[in-house]
Amino acid sequence: ATILQVVAAIPMSVVALRYRTRALVTSAVAGTLVGFVAAGTQTAISVASAALLGGLVGRAKRKKQGLFGVLVTSMVVGPALGALTVLMLLVLVPLRELFLETLRNTFEGISRLLERTSALQGVADVIRTGSTTVLDNWWWWVGGSIAFGIVTGTLFAWLILTAILDRLSTIPTPEPLGSSADDEIGPLPVTPRSDSATQEARRPR
């Protein structure tokens, strides 16, 4: 899934490479909203993650940064996003309860599935014990997972997208609103006129 998410980040990385940050933000917001409307929350989160990974790599390539620079940036963005997520779950109590209950049911379902095979009974017990530890310390698990996922995802994205972006950077990008600094700025192509209403308005009263 991580590899597919990195591949999905290619369009966003191209936007970050060729245009400014606000173009990337606009594209990310639009893609996330469309994904949420079309396929729900999970798709919206996937689109936002792809935009984040592609944006980090594309911005680093545009600013001529190397692997070290993009990793340092991801080490700042990852923990910050993890802390923001934990803070959001602390404030939104119903969302936190739903999230933890979903995790609890997922771990329990996996454990019961493994218990059907006697050879996997020990693995099921380990998962059940580990799930209790994770749910009791969910803030560390959530924040750490997000930070680790962003750093490792950025590393994979850099390794995969670098060759693609290097090839695309050789293609000239036309500037739709560009103009040469040597061009002389002429007057607006308008012709002033005077009618009766304008003359009446200009008369002193």
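Hi everyone, this is a short walk through the pockets, one helix and one aromatic pair in a predicted model.

Let's start with the open space. The largest pocket has a volume of about 1300 Å³. Its lining counts 31 residues, and those closest to the centre are Gln42, Ile45, Ser46, Ser49 and Ile146. Helices H1, H3, H4, H5, H6 and H8 each give two or more residues to this lining, with H4 giving the most, nine residues. For those of you thinking about chemistry, the lining has 18 nonpolar and 13 polar residues, and no charged ones.

The second largest pocket holds about 250 Å³ of space. Here 13 residues form the lining, and Leu24, Val25, Ala28, Ala51 and Leu52 are the closest to the centre. Two elements, H3 and H4, give two or more residues each, and H4 again gives the most, with seven. This lining includes two charged residues, beside eight nonpolar and three polar.

Now to H5, which covers residues 67–91. At 1.5 Å a residue, its 25 residues should span 36 Å, and the end C-alpha atoms are indeed 36 Å apart, so the two agree. Which residues of H5 are buried? They are Gly69, Val70, Leu71, Ser74, Gly78, Gly82, Thr85, Val86 and Leu89.

Last, the aromatics. There is one aromatic pair in the structure. Tryptophan 138 and tryptophan 139 have ring centres 5.8 Å apart and planes at 80°, so this pair is edge-to-face. Tryptophan 138 is buried, at 7% relative accessible area, whereas tryptophan 139 is partly exposed, at 37%.

That's my tour, thanks for listening!

Terms used. Residues numbered from 1 in each chain as written. Predicted model: local features only at pLDDT ≥ 70, side-chain atom pairs only at ≥ 80, totals over all residues. Heavy atoms only, no water. Helix = DSSP H or I, 4+ residues; strand = E, 2+ residues; numbered from the N terminus. Expected span 1.5 Å × (residues − 1). Buried < 20%, exposed > 50% of the residue type's maximum accessible area, 1.4 Å probe, protein only. Phe/Tyr/Trp six-rings, centres within 6.5 Å; stacked < 30°, edge-to-face > 60°. 1 Å grid on protein atoms, 1.4 Å probe; cavity = no way out; pocket = protein on both sides within 12 Å on 5 of 7 lines; lining within 4 Å. Points joined across faces, edges and corners; volume = space filled by probe spheres on them. Nonpolar A, V, L, I, M, F, W, Y, C, P; charged D, E, K, R; others polar.
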